[in-house]
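Have a look at how two of the helices pack, and then at what fills the inside of the fold. Here is the model.

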Amino acid sequence: MASKFRINQLRALSSTVFHGIGDCHYYYLHANRSLQTLYHFRHFSDASSPPLSPAASSSAPPQNAELQSTNRPEGIVRNASATSSVNQFELAKFSAIADTWWDSEGPFKPLHALNPARVSFIRSTLCRHFRRDPCSIRPFEGLKIIDVGCGGGILSEPLARMGATVTGIDAVDKNIKIARVHADLDPVTSTIEYCCTTAEKLVEQQKEFDAVIASEVIEHVADPAGFCQSLAALTVPNGATVVSTINRSMRSFATAIVAAEYILRWLPRGTHQWSSLLTPEELVLILQRASISVEEIAGFVYNPLTGQWSLSDDTSVNYIAFGTKVSQKTD
């Protein structure tokens with residue numbers, strides 16, 4: 001089983017960079033130091049996940065492009081939704097290909113291939129956090145989970161099959177219609193509540209969930225910091241937040257954009273804008289400022305021989321982060 005990163009505290013990240021060196025090496029970042037000490041930590045569930053049902057031009061800015069500054073919030077506030085993070089250009093892109101969500105050989109083929117690996121990470125981290133049996137067929141029974149930016153429901157459906165009460169939201173109405181039609185084909189997934197809305201609007205409605213998941217979404221929003229504040233506001237105290245995305249590295253530019261979009265044509269050209277991607281360090285800082293303490297990060301690696309993805313300690317291209325919502329401090 002692949003290894004995963006375990007992170008205790010990520011505090012002084014203004015200019016600090018951490019790298020996995022070798023197998024399962026981790027930097028633990030402490031509040032009183034900007035240059036951190038290297039530790040070893042290995043923590044990954046060996047329990048295998050049940051098999052999933054068959055699923056159906058960017059320019060590179062300087063490598064050290066600065067993260068847009070955001071004010072540190074005093075806590076998760078209920079007006080975190082005051083500014084929408086919706087990017088209308090991105091909505092139009094995905095609306096144009098919405099009919100192909102469940103075509104495993106279509107534009108979303110990479111997501112279908114990636115799904116078993118990201119489900120494995122989510123299953124492992126949530127079972128450990130909520131003290132559930134990872135060997136159970138339905139370990140998420142009783143948990144309320146929201147899939148933010150659910151698309152056609154590729155991730156929502158496995159979560160429902162694991163027993164969760166799932167809400168899937170997307171700002172593209174066509175995505176929601178496709179997701180509903182497909183979910184209704186199975187009585188187990190027909191329980192998923194799909195809504196065409198945004199995280200910010202649900203914050204205004206004071207909705208809360210045990211786990212909030214935003215997979216392959218943050219790179220498409222207009223305001224990543226505001227988006228993460230909304231994710232945090234939707235998470236119950238001590239609940240879980242999971243975010244997966246693509247690293248902003250030269251390797252990701254070469255593979256996830258040039259190769260995947262222009263050479264192999266796995267994705268429509270222009271699907272990803274390299275300058276909009278976040279490094280793991282930037283994502284951790286943004287989540288920390290939104291009162292989400294990142295505890296674990298894992299990378300995804302693709303095997304061209306098998307056509308499958310697996311979890312790894314290599315976060316240079318695709319990666320996924322698990323964090324918990326820190327309870328607000330009171331004076």
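The crossing of α6 and α8 is right-handed (the near helix is turned clockwise from the far one by less than a right angle). This is a predicted model, so local features need pLDDT of at least 70 and side-chain atom pairs count only at pLDDT 80 or more, while totals for chains, interfaces and linings use all residues. Residues are numbered from 1 along each chain as its sequence is written, and side-chain values use heavy atoms, with hydrogens and water left out.

The axes of α6 and α8 come within 8 Å and cross at roughly 50°, which makes α6 oblique to α8 (neither under 35 nor over 145 degrees, and not 65 to 115). Here is who touches whom, with contact meaning heavy atoms within 4.5 Å:

| Helix | Range | Contact residues |
|---|---|---|
| α6 | residues 224–234 | P224, A225, C228 |
| α8 | residues 280–289 | L283, I286, L287 |

Those contact residues split into six nonpolar, no polar and no charged.

Now for the cores. A nonpolar core is a set of buried residues (under 20% relative accessible area) joined through side-chain atoms within 4.5 Å. The largest one has 38 residues, and I122, L126, F140, I145 and L159 touch the most other members. Elements giving two or more residues to this core include α2 (109–129), α3 (156–161) and β8 (235–246). The largest share, eight residues, comes from α2.

What does L159 touch, leaving aside residues up to four places away in sequence? The list is I122, F140, I145, A164, V166 and I213. Apart from this core lies another, of 31 residues, with I146, I169, L283 and I286 among them.

Methods
Axes fitted to C-alpha atoms, helices over the stretch in contact; angles between N-to-C directions. Helix = DSSP H or I, 4+ residues; strand = E, 2+ residues; numbered from the N terminus. Nonpolar A, V, L, I, M, F, W, Y, C, P; charged D, E, K, R; others polar. Buried < 20%, exposed > 50% of the residue type's maximum accessible area, 1.4 Å probe, protein only.
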